[in-house]
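Here is a guided look at one protein chain, from its overall layout down to a few individual residues. Keep the viewer open and follow along as you read.

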Amino acid sequence: MALQGAEILFYPTAIGSEPQDDGLDSRDHWKRVMQGHAGANLVPLVASNRIGKEIIETEHGKSEITFYGNSFIAGPTGEIVEAANDKDEAVLVAKFDLDKIKSKRHSWGVFRDRRPDLYKVLLTLDGSNPSL
């Protein structure tokens, strides 16, 4: 995304409990993935997420989801700089020097040293045959 000019990433989400599995808690995974997006692109990231519960009627009966909340702002290396809790609505604010971050991103060489000529296999269905 930074290669296409993104200076800040915004991810509005609605992540919560899994109605089909009460024991599954994907909140920490969601947070790490979002932090990884910031770090991989070396740009700040805003991850907003709902709070509260929602009950819907399905063909199998009522289904309930409890949203994780925990919205946050991550810095360009994925570090969390501001965070909300899982109960209350919140407005998070952080300041970043985008010019300084851009300079740092260029000095790291993350995009300079990439090898897009090796990516063709990612466009295949089987991971090996570029003609597919």
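The sections below go from the whole chain to single residues.

## The chain as a whole

Please keep in mind that this is a predicted model. The chain holds two helices and six strands, and along the sequence these elements follow the pattern β-α-β-β-β-β-β-α. With a radius of gyration of 19 Å, well over the 14 Å that the globule rule gives for 132 residues, the chain is more spread out than a compact globule. Along the principal axes, its C-alpha atoms fill a box of roughly 50 × 45 × 20 Å.

How much of the chain counts as buried? Of its 132 residues, 27% do. The chain exposes about 9200 Å², with carbon and sulfur atoms supplying 53% of that area. Among contacts with a separation of 6 or more, 55% come from residues 24 or more positions apart. As for charge, the chain carries 16 positive and 20 negative charges, and the mean positions of the two sets are 9 Å apart.

## Thr-13 in strand 1

Let us start with strand 1, which covers residues 9–13 and includes Thr-13. Is Thr-13 buried or exposed? Its relative accessibility is 17%, and because the cut-off for buried is under 20%, Thr-13 counts as buried.

Two polar partners of the Thr-13 side chain are worth displaying. A polar atom of this side chain lies 2.7 Å from the backbone oxygen of Ser-48, and the side chain also makes a polar contact with the side chain of Asn-49, at 3.0 Å. Not counting residues up to four places away in sequence, Thr-13 touches Trp-30, Ser-48, Asn-49 and Arg-50. Strand 2 spans residues 45–49, so both polar partners can be found there by their numbers.

## The loop between strand 1 and helix 1

Next comes the loop that joins strand 1 to helix 1, where Ser-17 lies. Ser-17 is partly exposed, at a relative accessible area of 22%. Which residues does Ser-17 contact, leaving aside its neighbours within four places in sequence? They are Glu-64, Ile-65, Thr-66 and Tyr-68. With Thr-66 there is a polar pairing too: the side chain of Ser-17 reaches the backbone nitrogen of Thr-66 at 2.8 Å.

Gln-20 belongs to the loop between strand 1 and helix 1 as well, but Gln-20 counts as exposed, at 62% relative accessibility. The C-alpha atoms of Gln-20 and Ser-63 are separated by 8.5 Å, although these residues are 43 positions apart along the chain. For a contrasting pair, try Ser-17 and Asp-99: they are 82 residues apart in sequence and 39 Å apart in space, C-alpha to C-alpha.

## Positive phi values in two loops

Two residues other than glycine deserve a look for their backbone angles. Leu-42, in the loop between helix 1 (27–41) and strand 2 (45–49), has a positive phi near 50°. Leu-42 is also buried, with a relative accessible area of 4%.

Asn-70 sits in the loop between strand 4 and strand 5 (72–74). Its phi is positive, near 60°, and Asn-70 is buried at 13% relative accessible area.

## Strand 4 and its Gly-61

Strand 4 covers residues 61–68 and includes Gly-61. Gly-61 has a relative accessible area of 19%, which makes it buried. How far is Gly-61 from Lys-95 in space, C-alpha to C-alpha? The distance is 46 Å, for a pair 34 residues apart in sequence.

## Helix 2 and the segment after it

Finally, move to helix 2, residues 98–108. At its start, a side-chain oxygen of Asp-97 reaches to within 3.2 Å of the backbone nitrogen of Asp-99. Just after this helix, Gly-109 takes a positive phi of about 75°.

Farther along, Thr-124 lies in the segment after helix 2. Thr-124 is buried, with a relative accessible area of 11%, and its side chain reaches the backbone oxygen of Val-121 at 2.7 Å.

Notes
Residues numbered from 1 in each chain as written. Predicted model: local features only at pLDDT ≥ 70, side-chain atom pairs only at ≥ 80, totals over all residues. Heavy atoms only, no water. Polar contact = N/O pair within 3.5 Å; in protein donor to acceptor, adjacent residues only side chain to side chain. Helix = DSSP H or I, 4+ residues; strand = E, 2+ residues; numbered from the N terminus. Rg over C-alpha atoms; globule rule 2.2 N^0.38 Å. Buried < 20%, exposed > 50% of the residue type's maximum accessible area, 1.4 Å probe, protein only. Contact = heavy atoms within 4.5 Å. Areas by Shrake-Rupley, 256 points an atom, 1.4 Å probe, with all protein chains shown as cover. Lys, Arg positive; Asp, Glu negative; His and termini not counted. Charge placed at Lys NZ, Arg CZ, Asp CG, Glu CD.
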